[in-house]
Amino acid sequence: MNWMHIFPQTISSLLRKMPLSLLNQVEEVRVREGRPLEVNTAGTFYFLTQEGDITKDPSLAYQPGREEAHRLLDQITNHSLYTMEEELRKGFITIPGGHRIGLAGRTVLNQGRVEHIRDVSSFNLRVAREIKGVADALVPKLIDFTNKSVLNTLIISPPQQGKTTLIRDLSRQISQGTWGHREASWGGLKVGIIDERSEIAGSKQGVPSFDVGPRTDVMDACPKAEGMMMMIRSMSPEVLIVDEIGRPEDAEAVLEALHAGVRVIATAHGTQAEELLHRPALSRLADPPFFQRYVILQRNERGLSFECIKSSSL
Amino acid sequence: MLKLLGAALIIVAGTMAGWMKARQYANRPSQIRSLMQALKRLETEITYSFTPLPDALRRIAHQNKDPLRSLLMTAAEGMNDAMGLTAQESLHRALDQHWRHTAMKASERDVLHQLAYTLGTSDRRDQLSHMESAIRQLEAEEAEARDDQARYEKMFRSLGLLTSALIVILIY
């Protein structure tokens, strides 16, 4: 658990007392100042008591105080809040290992825009997990046989369903050339990942800490639209992978990639393809249809499941 | 013969004590000066290079001589993951360990002690203003330290010898 040391001793000792089977499934740890300490595992939540037991009753739960919130913030910013001004504006910090910590508190405004968050009182650690093989069933469906490449794909799901885990594995398999299909015998492709939140590759000083494939380049902590253009200009990728597109400039950059002959695999928040493409920012990608495949992600007890739709059937 | 040896010992010890006290007065202004320069460098590291605090402290430590060097080094080391200290605790711990090896006084220590509460915990603008105010306070201390040096350095140097001579005379 390389994320455990980030918590102050009082909290990490409680987490260590959890049953190991449960601890391995932890997806989120939520620390709220003066309120119960919460952990989320595959779809359910628990509070932790002072003794380290799990409970559903918030009144029995341990409540972290100001001192612990202060320590936690100090630790996740590497004792240097001033290096995190941009992150505080966006509301999250990514720590080594690709784990993301969302923050909430009182915001400071400058001319009506959020400058940063002060008095951070809520922390949400989202544990990043590498699950190799999670995209096994999906890869064969995305192969473009005529061009010996992959199809332009948009992966759609609500938050916390495993989008990032999925595209991490997709990138690894595409880069490695494990196509999972008899007739696909060509090698891996050059993959470029634009990792705005440092979540896909979990880069540490520019070097990915997750396995994203041998032919993969990562533009870390880079705004998506700008990063895609930079990659196309400088790294000649065959496939671009981006997380959570949603702004007009993202759509613009995706179109630019299309004109450059680069394939794009992107993710977006949503539940349905139609609904998503009616969003003003992304409508330019709907007509003419840019994406050849839409993948709707869903998670159940057995793991990830997905529904693959051809764009012509929309 | 033995008496003479004793007298010589007393005089040597007295003179040495005087010299040491005098040296403290001589060292204090220059140590404050290098502390100020270190803080100015830290200011640059924070506001222009966005260097994380532990790295910045380590880098500045290498540019300085002891005792400042080990003070900054201990502060940086305390911020390791393994130690689990906050920036403030780590700085305070370093002050506790190394301050007595410096020639500086409690008022300079208070400035650093105070600064430790804010270092690393706010945005760049705020950090800059805190560091600047610390440097201004140190400037005032430095001026005072120079006055003290002019007034007491020579005095203590001769006082050591004279006092020990007086003791020897009284014993004889």
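Trainee: How many cavities of 30 Å³ or more does the structure hold?

Mentor: Keep in mind that this is a predicted model. With 30 Å³ as the lower limit, the number of cavities in the structure is three.

Trainee: Which element gives the most residues to the lining of the largest cavity?

Mentor: That cavity holds about 200 Å³ of space. Of its 16 lining residues, the closest to the centre are B:Leu39, B:Leu72, B:Leu91, B:Leu112 and B:Leu119. Two or more residues come from each of α1, α2, α3 (68–78), α4 (87–98) and α5 (106–118) of chain B. The top contributor, with four residues, is α1(B).

Trainee: And by class, how do the residues of that lining divide?

Mentor: Leu39 of chain B is a good one to start from, being among the residues closest to the centre of the largest cavity. Leu counts as nonpolar. Over the whole lining, the split is no charged, no polar and 16 nonpolar.

Trainee: What about the second largest cavity: how many charged residues are in its lining?

Mentor: This one has about 50 Å³ of space. Its lining is made up of A:Ile194, A:Asp195, A:Glu196, A:Arg197, A:Glu199, A:Ile200, A:Lys224 and A:Asp243. Sorted by class, that gives two nonpolar, no polar and, for the charged residues, six.

Trainee: Turning to the largest pocket, which element supplies the largest share of its lining?

Mentor: The pocket has a volume of about 1200 Å³, and of its 35 lining residues the closest to the centre are A:Met84, A:Thr94, A:Ile95, A:Pro96 and A:Lys204. Elements giving at least two residues each are α3 (66–76), α4 (85–90) and β5 (92–95) of chain A, together with α2 of chain B. The largest share is four residues, and it comes from β5(A).

Trainee: How many polar residues does the lining of that pocket have?

Mentor: Thr94 of chain A is one of the residues closest to the pocket's centre. By class, the lining has 12 nonpolar and 10 charged residues, and the polar count is 13.

Trainee: Back to chain B: are α1(B) and α6(B) roughly parallel or roughly antiparallel?

Mentor: Helix α1 (residues 2–47) and helix α6 (residues 124–171) of chain B have axes 8 Å apart, at an angle of about 175 degrees. Angles over 145 degrees count as roughly antiparallel. So the word for α1(B) against α6(B) is roughly antiparallel.

Trainee: How many charged residues does the contact of α1(B) with α6(B) have?

Mentor: This is the pair with an angle of about 175 degrees. Their contact has 26 nonpolar and eight polar residues, and the charged ones number 15.

Trainee: Are α1(B) and α2(B) oblique or roughly perpendicular to each other?

Mentor: The axes of α1(B) and helix α2 (residues 53–62) of chain B come within 10 Å and cross at roughly 140 degrees. Roughly perpendicular would need 65 to 115 degrees, and roughly antiparallel over 145. The two helices are therefore oblique.

Trainee: Is the crossing of α3(B) and α4(B) left-handed or right-handed?

Mentor: These two pack with axes 8 Å apart, at about 145 degrees. Among the residues that meet are B:Ser70, B:Leu71 and B:Thr74 in α3(B) and B:Ser90, B:Leu91 and B:Arg93 in α4(B). The contact has five nonpolar, six polar and one charged. As for the crossing, α3(B) passes α4(B) in one that is right-handed.

Methods. Residues numbered from 1 in each chain as written. Chains lettered and ligands numbered in written order. Predicted model: local features only at pLDDT ≥ 70, side-chain atom pairs only at ≥ 80, totals over all residues. Heavy atoms only, no water. Axes fitted to C-alpha atoms, helices over the stretch in contact; angles between N-to-C directions. Parallel < 35°, antiparallel > 145°, perpendicular 65-115°, else oblique. 1 Å grid on protein atoms, 1.4 Å probe; cavity = no way out; pocket = protein on both sides within 12 Å on 5 of 7 lines; lining within 4 Å. Points joined across faces, edges and corners; volume = space filled by probe spheres on them. Left-handed = near helix turned anticlockwise from the far one by under 90°. Contact = heavy atoms within 4.5 Å.
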